[in-house]
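Work through the exercises below with the sequence and the model open. Try each task before reading its solution.

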Protein chains: 2
Amino acid sequence: MPPFDMGRPLRMGAVGVHPCGACPVRSLTVCSALEEEELSRLADIVQLQRLDSHQTIFSEGDAASSLFNVTAGTVKLYKLLPDGRRQITGFLFSGDFLGLSVHDRYAYSAETVVTTSICRFPRRQMDTLLEEFPKLQRRLFSMASTELAAAQDQMLLLGRKTAREKIASFLLGLSRRAARRGQRDNPVQVPMSRSDIADFLGLTTETVSRTFTQLKANGVIRLLEGSKVQILDEGVLTDIAEGG
Amino acid sequence: MPPFDMGRPLRMGAVGVHPCGACPVRSLTVCSALEEEELSRLADIVQLQRLDSHQTIFSEGDAASSLFNVTAGTVKLYKLLPDGRRQITGFLFSGDFLGLSVHDRYAYSAETVVTTSICRFPRRQMDTLLEEFPKLQRRLFSMASTELAAAQDQMLLLGRKTAREKIASFLLGLSRRAARRGQRDNPVQVPMSRSDIADFLGLTTETVSRTFTQLKANGVIRLLEGSKVQILDEGVLTDIAEGG
DNA sequence: GGACGCCGTTGATCCAGGTCAAGGCGCCCG
DNA sequence: CGGGCGCCTTGACCTGGATCAACGGCGTCC
């Protein structure tokens, strides 16, 4: 047994000063909509959780009992076909939220990619706060709209882009999101496996690997230690991503 | 010049009894969230428009000045790559809404597939109503969540399904949505061209055509007059759609 | 410290679906 | 009523990426 059970939820409302005020990613999250007073109400219902890599947060079809905020790490969302084929519908990083549902069931599964911290908001209590704070509702709506736009980009990628264009788009997307979070955008961290990338882009691991090799040979990127990728020519990579 | 200019917007607030009360698809739309009093406020800002087939409603990158509700007909949403490759991200029917945006620009283009009626809500005024009627906000959020779930299904389809599975899923999807609108679900109307279907499913028109022929030869469907498709064995079609 | 297993890479071959080409069949328009 | 133009279908062939296979590196567990 470990000295601290980090998997056990931590009720933050219990401590004197709630942690949301000091949350380093607050400005990125749904919580940025709130003032101090409201924030403390949110803190009353939140549970912090730290999860190892490759842990399931919830599975497709589970009762959708919570909403979540990623505060550190990486999460993947995916859907499966009965024979095991998998489509990863998104990767989430700090500041991103997950857990929206229709008909009270999650429509996809969520799993950590690396060690990850999340805030869990029980849906019932969250619904109450949403009624009480329209700002929160609006912020959630705006984040869902952004998600929807990203989903449409991903459909264009999946339906109409070549392997090379998919990989280029993927790397640029990772880099831009890192920048938005205030993290290093070049070289960019690529924490997920080839197999995860393949299932996100509608490819196989072999094709992902070959395409990285090819972009490297073309002098567009470099593969670095610690799953980092250096973008050597962003202009060219952008052109490739757009089919140029 | 035509005797009536049906393309000219019709301000409905001007007439004595607003038309939303009698709207035949109200229960399907965002408007179902509202009571009579609120509905008339919505009617004050709405413009009804009737459009011929293949008319552009707005284009990707346009200032997002309105939200829309489809009340009759069919609309397609799509994104283009610079070289003209196209991905249709969704088809809309009566009751569906469109026009959500991020950063005040539409992220996709919208075009009618057949003769179509839409309600146009100017964004500025809509925003005011959203503030005033949280129910409306919640309804819009819920519809966006549903859209998001559909987008994830479509990603699974685009990334991981075969041509046969894609066509089967497409027909079942059309049929189920028709049923939800209270329309005939079998035989099901397929108002869009092979080329539209191809660009929705990430295929070519040739492959779409061949796959229809193949499903017909297998006795799963029949192609009828007037762009209708009869589903002869829904169980088999469902199995095909899920990779069975 | 050795063996095993997982991940990533590379090579050889295959095939689903794309591309190119040719008609057929309505439908509109003169 | 005839010609032309979009659509749809079908056929022949091609190819990008999948599949199958082998192997090296590296971490983990006896």
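At 52% relative accessibility, A:D104 counts as exposed, where exposed means over 50% relative accessible area, buried under 20%, and partly exposed in between (1.4 Å probe, protein chains only). The model is predicted, with local features needing pLDDT of at least 70, side-chain atom pairs counting only at pLDDT 80 or more, and totals for chains, interfaces and linings using all residues. Residues are numbered from 1 along each chain as its sequence is written, chains are lettered from A and ligands numbered from 1 in the order in which they are written, and side-chain values use heavy atoms, leaving out hydrogens and water.

**Exercise 1. Place A:D104 in its chain and list its contacts outside the neighbouring sequence.**

Step 1. Find the element. A:D104 sits in the loop between β7 and β8 of chain A; strands (E, at least two residues) and helices (H or I, at least four) are DSSP runs, numbered from the N terminus.

Step 2. List the contacts, meaning heavy atoms within 4.5 Å. With neighbours within four places in sequence set aside, A:D104 touches A:D62, A:A63 and A:A64.

Step 3. Compare positions along the chain and in space. A:T115 is 11 residues from A:D104 along the chain, and their C-alpha atoms are separated by 27 Å.

**Exercise 2. Find the sign of phi at A:H103 and at B:S227, and state how accessible these residues are.**

Step 1. Take A:H103. Its phi is near 55°, a positive value in a residue other than glycine. A:H103 belongs to the loop between β7 (97-98) and β8 (109-112) of chain A, and its relative accessibility of 73% makes it exposed.

Step 2. Take B:S227. Here phi is near 45°, again positive in a residue other than glycine. B:S227 is in the loop between β11 (221-224) and β12 (228-231) of chain B, and it is partly exposed at 43% relative accessible area.

**Exercise 3. Which peptide bond at A:P187 is cis, and where does the residue lie?**

Step 1. Read omega. The bond from A:N186 to A:P187 is cis, with omega near -5°.

Step 2. Locate the residue. A:P187 is in the loop between α4 and β10 (188-189) of chain A.

Step 3. Turn to chain B. B:N186 and B:P187 are joined by a cis peptide bond with omega about -5°, and B:P187 is in the loop between α4 (163-180) and β10 (188-189) of that chain.

**Exercise 4. Decide which residues of helix α5 of chain A are buried, and what covers them.**

Step 1. Count. Six of the eight residues of α5 (194-201) of chain A are buried, so the helix is mostly covered.

Step 2. Name them. The buried residues of α5(A) are A:D196, A:I197, A:A198, A:D199, A:F200 and A:L201.

Step 3. Find the cover. From chain A it includes β5 (75-80), β6 (86-92), α3 (134-160), α4 (163-180) and α6 (205-217), and α3 of chain B also takes part.

Step 4. Look just past the helix. A:G202 follows α5(A) and has a positive phi, near 70°.

**Exercise 5. Describe the interface between chain B and chain A.**

Step 1. Count the residues. In chain B, 42 residues are in contact with 41 residues of chain A.

Step 2. Give the area. About 3,900 Å² is buried between the chains, and carbon and sulfur atoms give 65% of it; buried area is the accessible area (1.4 Å probe) that two parts lose on being put together, summed over both. B:F141, B:M155 and B:R160 supply 20% of the area that chain B buries against chain A, more than any other three residues.

Step 3. Look for salt bridges, defined as a side-chain nitrogen of Lys or Arg within 4 Å of a carboxyl oxygen of Asp or Glu. The rule finds eight across this interface. One of them pairs A:D153 with B:K79, whose closest N and O atoms are 2.8 Å apart.

Step 4. Assign the chain B side to elements. Those giving two or more residues are β5 (75-80), β6 (86-92), α3 (134-160) and α5 (194-201) of chain B. The most comes from α3(B), with 19 residues.
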